[in-house]
Amino acid sequence: MQFKIIPAQKLDKLQRQQIAELCFTAFDEDPWSQYAFMQTASHLVGILDEKIVSHALWTDRIFIINDNTSVKTAYVEYVTTDYRLRGKGLASQLLRYLIDALTTLGYELAALQPEDDAFYKKLGWTSWLGSLYIKQNTSTYLTDMHEILLYSLSVKLKELLSHNTVDDAICTDWREGELW
Ligand SMILES: CC(C)(COP(=O)(O)OP(=O)(O)OC[C@H]1O[C@@H](n2cnc3c(N)ncnc32)[C@H](O)[C@@H]1OP(=O)(O)O)[C@@H](O)C(=O)NCCC(=O)NCCS
């Protein structure tokens, strides 16, 4: 499989169509149908025989850990493989490539909310055990239980997050749609 990283604004018509088709099949929506912030996402596509068969995207977020550490975070969503090609290791390859690419691009952390965490845990993602807060304008509030998984991309973050506990906290800015 060949990989390409393409900013949302640079996707051509065919690429948009193929990504929309994959995401509609998996999630009943395409990434651009609802939220303005998705217009600035970066897409990672896996290509076989000139067709996009596997996909993930990320958007930029700043996570504040325990009120004192600001972390450049890639928030990953819309991970999917063409249903006809699932179970062949394509999404695993894509996510390994993603981790290398994000590290090279200077991100310190990758995060996502999993549908099912077993798939990601096999690839080295780990659960965040602490609380999750959202900052909106001047107020900050605790969100309901959401599971997020993390992948530390720098040595500093690996050390910081290796022993996270229920007493730790992540806070990030509000966004439209799903907060996590
Ligand atoms: C989840 C998904 C992206 C996996 O794509 P894929 O290309 O089939 O993934 P892989 O072939 O690399 O699967 C790797 C392993 O995870 C397992 N796996 C796949 N989907 C899984 C799931 N939903 N839950 C748990 N394990 C899963 C596979 O059985 C495989 O196990 P193995 O390594 O022991 O053989 C794909 O099933 C999909 O598009 N699902 C619908 C959309 C979705 O739920 N995306 C995740 C959003 S968080």
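**Figure 1. The ligand sits in the largest pocket.** Welcome to the first close-up of this predicted model. The pocket that holds the ligand has a volume of about 770 Å³. Among the 32 residues lining this largest pocket, Phe-27, Tyr-78, Val-79, Glu-115 and Tyr-120 are the closest to its centre. Two or more lining residues come from each of the elements α1, β4, α2 and α3. If you would like one element to start from, try β4: this strand gives the largest share of the lining, seven residues. Sorted by class, the lining of the largest pocket holds 17 nonpolar, seven polar and eight charged residues.

**Figure 2. A shell of 19 residues surrounds the ligand.** Here we move in on the ligand and its neighbours. Which residues come nearest to the ligand? They are Thr-80, Gly-87, Gly-89, Ser-92 and Lys-122. To find your way along the chain, look for α1 (13-27), β4 (69-81), α2 (90-104) and α3 (117-121), each of which supplies at least two residues of the shell. The shell is made up of eight nonpolar, six polar and five charged residues.

**Figure 3. Thr-81, Arg-86 and Gly-87 place polar atoms by oxygen atoms of the ligand.** This view is for readers who like to look at individual atom pairs. Gly-87 takes part through its backbone, with an N or O atom 2.6 Å from a ligand oxygen. Thr-81 takes part through its side chain, where a polar atom lies 2.8 Å from an oxygen atom of the ligand. For Arg-86, too, the atom belongs to the side chain: a polar atom there is 3.3 Å from an oxygen of the ligand. How much of the ligand's accessible area does the protein cover? On its own the ligand has 880 Å² of accessible area, and the protein covers 68% of that.

**Figure 4. The second largest pocket offers about 160 Å³ of space.** For the last close-up, we leave the ligand view and turn to another part of the model. One part of the lining of this second largest pocket is Trp-128, Leu-129, Gly-130, Ser-131 and Leu-132. The rest of the lining consists of Leu-142, Thr-143, Asp-144, Met-145, His-146, Glu-147 and Ile-148. How do these lining residues divide by class? Six are nonpolar, four are polar and two are charged.

Notes: Residues numbered from 1 in each chain as written. Predicted model: local features only at pLDDT ≥ 70, side-chain atom pairs only at ≥ 80, totals over all residues. Heavy atoms only, no water. Near = heavy atom within 4 Å. Polar contact = N/O pair within 3.5 Å; in protein donor to acceptor, adjacent residues only side chain to side chain. Areas by Shrake-Rupley, 256 points an atom, 1.4 Å probe, with all protein chains shown as cover. 1 Å grid on protein atoms, 1.4 Å probe; cavity = no way out; pocket = protein on both sides within 12 Å on 5 of 7 lines; lining within 4 Å. Sits in = over half its atoms within 2 Å of the grid points. Helix = DSSP H or I, 4+ residues; strand = E, 2+ residues; numbered from the N terminus. Nonpolar A, V, L, I, M, F, W, Y, C, P; charged D, E, K, R; others polar. Points joined across faces, edges and corners; volume = space filled by probe spheres on them.
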